[in-house]
Amino acid sequence: MIYEIDLETITNLVKHLIQKSKKLNGTLVLLNKTSDLADEIIITEISYFNTLNLKKNDFLEITIYDKSDDDIFYEEFLIGTEKDSYIVKTLFIDEKPIPDNIDIHSVNKNKSILQPQVHPFKKFIKK
């Protein structure tokens, strides 16, 4: 799934993943795809990330590799609106599971909060 998030959220996520990769003795690799170009960068400090000229509609692939070059973490992100920022903060930064009764695809775009799935006939069912 490609998560559409704002620049502030991706910065916070990269900070968290840098710490996680150091803790796991891994390597954080960021692939930035812009138009026809693709730059793969090893990120060990947030200052490296901050020097990147990221802008709206940049597509990022973030991977953490362990010592045997197996990927521990892999996700794709599109820099744009904060449509999926709440989901990314919950799943990857706070590392909390999303409850089963929540549909991550029914995010309220204006408020960026998760909406529970409600059966359309639930109002007619008596308890």
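**Note on helix H3 and its surroundings**

1. In helix H3, the residues that count as buried are Ser85, Ile87, Val88, Thr90 and Phe92. The model discussed here is a predicted one, and the cover over these buried residues of H3 includes strand E1 (2–5), helix H1 and strand E5 (71–79).

2. The pairing of H3 with H1 can be described through their axes, since helix H1 (residues 7–23) and helix H3 (residues 85–93) have axes that come within 10 Å and cross at roughly 5°. Because angles under 35 degrees count as roughly parallel, H1 is roughly parallel to H3.

3. On the H1 side, this contact is made by Thr9, Asn12, Leu13 and His16, while H3 contributes Ser85, Val88, Lys89, Phe92 and Ile93. Sorted by class, the contact of H1 with H3 holds four nonpolar, four polar and one charged residues. Ser85, Val88 and Phe92 are among the contact residues of H3, and these residues are also buried.

4. Just beyond the helix, H3 is followed by glutamate 95, for which phi is positive, near 55°.

5. For the wider setting, the protein has three helices and five strands, which follow one another along the sequence in the pattern β-α-β-β-α-β-β-α. Among contacts in the protein with a separation of 6 or more, 57% are accounted for by residues 24 or more positions apart.

6. As to exposure, 36% of the 127 residues of the protein count as buried. The accessible surface of the protein comes to about 8,600 Å², and carbon and sulfur atoms account for 50% of that surface.

Definitions and conventions
Residues are numbered from 1 along each chain as its sequence is written. This is a predicted model: local features need pLDDT of at least 70, side-chain atom pairs count only at pLDDT 80 or more; totals for chains, interfaces and linings use all residues. Side-chain values use heavy atoms; hydrogens and water are left out. Helices (H or I, at least four residues) and strands (E, at least two) are DSSP runs, numbered from the N terminus. Buried means under 20% relative accessible area, exposed over 50%, partly exposed in between (1.4 Å probe, protein chains only). Contact means heavy atoms within 4.5 Å. Accessible areas come from the Shrake-Rupley method with a 1.4 Å probe; for residues, only the protein chains shown count as cover. Axes are lines fitted to C-alpha atoms, for helices over the stretch in contact, and angles run from 0 to 180 degrees between N-to-C directions. Angles under 35 degrees count as roughly parallel, over 145 as roughly antiparallel, 65 to 115 as roughly perpendicular and the rest as oblique. Ala, Val, Leu, Ile, Met, Phe, Trp, Tyr, Cys and Pro count as nonpolar, Asp, Glu, Lys and Arg as charged, and the others, Gly among them, as polar.
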